[in-house]
Amino acid sequence: MSIRLAPSILSANFAALGDQIRVVEEAGAHLLHVDVMDGHFVPNITIGPPVVKSLRKATKMPMDVHLMISDPDKYIPAFVEAGANSITVHAEATLHLDRTLDFIRSYKVGVGVSLNPATPLSVVEHVLDRVDMLLIMSVNPGFGGQKFIPYTLDKIRQARQIIEDKNYRCVIEVDGGVDTFNLAEVIQAGAEVIVAGSAVFHAADPARKIKEMLEIAASVGYHSKYV
Ligand code: DX5
Ligand code: ZN
């Protein structure tokens, strides 16, 4: 398994989304990370299914939809219908995580579960064998451009250890505050899918930033014991 890069459109210019996405896709990004916020689970509001539907026509990249919303079950069908390839819900946002994960699976899209920085891994211990992705938040969800929280590196390492020990197929995605200066550390800790919002879209040259990140990922991945 090699590292995959998932630019988050949260920090893109929303008036030129199609162009911005084309740039990162042509530069070699693998997934499009779509941050959905409801002003309730997190203190910010972003986009909903209609935007995802339009994005579907603008890119061939799989859409990795990160739901930072309360009561996610209510909206999962609409995001699948709009073209999401995987849906990630927060363990903290649903009372019945087990049921919610089954519900996502029933739509035959990728199943992801996410944890806020302070939420322990034990919360997902019993479901990790049947999710495709564990999204470890390395900032408090709600905003792009925040600083990476250092203790989450340990959490990535621990998650990776559990997944290796039990031979689960679940991949680890890391989201928040990742840029070229800390990418190597994050990969070495065990991350395989890297989200980057402001690092990419606030860069003077987003295509170049993607290429730099891909180069780092290739060189570190080669030496990492994980990828
Ligand atoms: C934060 C979002 C992230 C965010 C990452 O709530 O889930 O995906 O866009 O942005 P950066 O890379 O700027 O921290
Ligand atoms: Zn996200």
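Author: A polar contact here is a pair of N or O atoms within 3.5 Å. In this predicted model, local features need pLDDT of at least 70 and side-chain atom pairs 80 or more, while totals for chains, interfaces and linings use all residues. Residues count from 1 along each chain, chains are lettered from A and ligands numbered from 1 as written, and side-chain values use heavy atoms, without hydrogens or water.

Reader: What makes the pairing of Gly145 with ligand 1 a polar contact?

Author: A backbone N or O atom of Gly145 lies 2.7 Å from a ligand oxygen, so the pair falls within the 3.5 Å limit. Side chains join in too: a polar atom of Ser8 is 3.0 Å from an oxygen of ligand 1, and an N or O atom of His66 is 3.3 Å from one. The protein covers 100% of the 380 Å² of accessible area (Shrake-Rupley, 1.4 Å probe) that ligand 1 has on its own.

Reader: Which residues surround ligand 1, and what are they like?

Author: There are 20 of them, each with a heavy atom within 4 Å. Asp35, Gly142, Gly145, Asp175 and Ser198 are the closest. The shell splits into 8 nonpolar, 10 polar and 2 charged residues, with Gly counted as polar. Strand S2 (a DSSP E run of at least two residues) gives the largest share, 3 residues.

Reader: Why is the chain called as compact as a globular protein of its length?

Author: It has 8 helices (H or I runs of at least four residues) and 8 strands. Its C-alpha radius of gyration is 16 Å, close to the 17 Å that the globule rule (2.2 Å times the residue number to the power 0.38) gives for 227 residues, so the label fits.

Key
Polar contact = N/O pair within 3.5 Å; in protein donor to acceptor, adjacent residues only side chain to side chain.
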